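Hi everyone, thanks for making room for me today. Let me put the structure up, and then we can walk through it together.

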Amino acid sequence: MTEPVPLYRLAFARAGDKGNRLNLALVCRVPEAYAPLAAQVTAERVLAHFSARTPSAGVRYDLPHLGAFNFVLDDVLDGGVNASLGLDGHGKTLSFHLLALPLVPDEGVRHALAALETKS
Amino acid sequence: MAQARADVVRIGSGAGFAGDRTDAALPVVAALARQDGPRFLMFETLAERTLALCQLARHADPAKGYSPALEKLLAPVLGACLASGIRIIGNFGAANPQAAAERIAALAREMGHAPRIGIVTGSDLDPALPVSALATREVGGSLLAGRTQITSADAYIGASPIAQALDLGADIVVTGRVADPALALGPLLHVFRWSLEDWDLLAAGTLAGHLLECGAQVCGGYFADPGAKDVPDLAEVGYPIAEIHRDGTVIVTKPAETGGRVDRFTVIEQMLYEIHDPAAYLTPDVVMDLMQARVEEMGPDRVRVTGIKGKPRPDTLKATVCFESGYLAEAEISYAGPNAAARARLAADVVRTRLARRAPGLFVRVDAIGIASVFNDTAGATLESLFPDARGDDVRLRFSAQSADKALLDLLLDEVEGLYCAGPAGGGGVRRHLTARLSSASCLVERSFTAPRARLLGDAS
């Protein structure tokens, strides 16, 4: 397996906003996904993935006990829902932009995909 | 009162936002009515701008200024709640809790009830404060700098005045702006008499409110993704009920015979929703810490959350300040069939070229629905990168701009409409809108800027 694997395969996401700040909760579909996502879905990669929106800062909070991460990206919502010219000023749809992030299919990712297969 | 000895409080959600379903609360009330002990129904109906819109409505008519959603959300369940002893907490009051209380009293009278209605006021900031004092307290921007006029300024106040209104015997408590989770924490303080400095319990109650405040979002609403995250009977998704124990244990469930699902995944997604730093979620009552939270499935549609920790409440309150900020213009036109993307791109170029001459300096955002719109960026770089190879054969162009100058925006709207006869081939379906804009800024303000208090309708103010 060499093709990139979209993050979508291994995780769920929900977006929320506060002003011009985007909050992205990322939840692992199986516990085995936590380690490979922790390694690959870094704050730096997520900032790069959202670079067209010119974020001023990005932080990842780790919640291993919940099998989840929380990303906070600053100044990516075009001023926020009350100032944006875009259709989705809340950035609600951006959870699925995060989920389009490509993962390298390393051993951890392959292990997590296998665990997901077993589960379903 | 018997309630003072209760070890479990049940709180249902009747609405998670003003536009929520008006029949959502019915199964929640039916389920609560079958239970004993203290039971509450909470309604969250205030978005960021609602206070400003309601303030404008109150200026126009002193009997208005409360949430326009009050009647449609409350009327279907008011009688059943009063008959079953389910007490109601709602932030319907917006900019005029007194008027909301009077409206609720009238609604109840029509149904043959005479409930005691509690009113929580004082989230509005002292109007004597100069805007400059707010500008120096703004966070995350500098929208208030140099401004002299604002429409509304309200702080997110905490749960204590809600508990006080219930202590006074209110069957229904109507508030203005309060922190959303306070709508649940207030009843818990009233029943359990938790210390206002028992941070772990305050945090557990806040977590319960946080899980409830968005209605169906913890029960499979805003969750479904066919094949990946299936939700049974989403059309009839149930709204949540939380069972909160005296020791701070929170159990989330939903009425039987409703759609949706409550499990680890739906609870964790909502737990982290808009939470930012999960070790320090700031509320007026407590700083909530989720770093030791445990989420366990206890059975079908039944999830227990424990391990919520709290830290002392912040000194300051978050306030939202709204001000009028000109107008938003939006216009759309569609291109479809062979070479649609290229014709859409040409149309965008035509409008841009003409506006550069006729309205120099006006920034216009262009989206192409079907190629890049919600994933586009304001500068349009994403769309530009996709346009050359775009194969979409049903493309809707969308232009948008904002300005204080209506005439300038009319030029944009006219240029898009002008594409009918003078633009590329096959354009159709023009729609144009001009709407007044209210913008908002966030401030951190001293608690002394607010004057939270509770009283009953009819008692001296």
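What percentage of the 120 residues in chain A do buried residues make up? They make up 52%, where buried means that 20 or more other C-beta atoms, placed from the backbone, lie within 10 Å of the residue's own.

A word on the source before I go on. This is a predicted model, in which local features need pLDDT of at least 70, side-chain atom pairs count only at pLDDT 80 or more, and totals for chains, interfaces and linings use all residues. Residues are numbered from 1 along each chain as its sequence is written, while chains are lettered from A and ligands numbered from 1 in the order in which they are written.

Let's stay with chain A. It has four helices and six strands, which are DSSP runs numbered from the N terminus: H or I over at least four residues for helices, E over at least two for strands. From the N terminus on, the order is β-β-β-α-α-β-β-α-β-α. The radius of gyration of chain A, taken over C-alpha atoms, is 15 Å, close to the 14 Å from the globule rule (2.2 Å times the number of residues to the power 0.38), so chain A is as compact as a globular protein of that length.

Now, how do the two chains meet? Here 29 residues of chain A are in contact with 35 residues of chain B; contact means C-beta atoms, placed from the backbone, within 7 Å. On the chain A side, β2, β3, β4 and β5 each supply at least two residues, and β2(A) gives the largest share, five residues.

Over to chain B, my favourite part. There is an open sheet of 10 strands with mixed pairing, in the order β12-β13-β9-β8-β1-β2-β3-β7-β4-β19; strands pair if DSSP finds at least two bridges between them. At the edges sit β12 and β19 of chain B, each pairing on one side only. Within the sheet, β3(B) and β7(B) pair in the parallel sense over three bridges, and B:I89 has B:V173 in β7(B) as its bridge partner.

Helix α8 of chain B lies across β1, β2, β8, β9 and β13 of chain B, at about 175° to β8(B). For that angle, axes are lines fitted to C-alpha atoms, for helices over the stretch in contact, and values run from 0 to 180 degrees between N-to-C directions.

Last one: in helix α9 of chain B, seven of the eight residues are buried, among them B:F265 and B:M271. Thanks for listening!

Note on methods: Contact = placed C-beta atoms within 7 Å. Buried ≥ 20, exposed ≤ 12 C-beta atoms within 10 Å, placed from the backbone.
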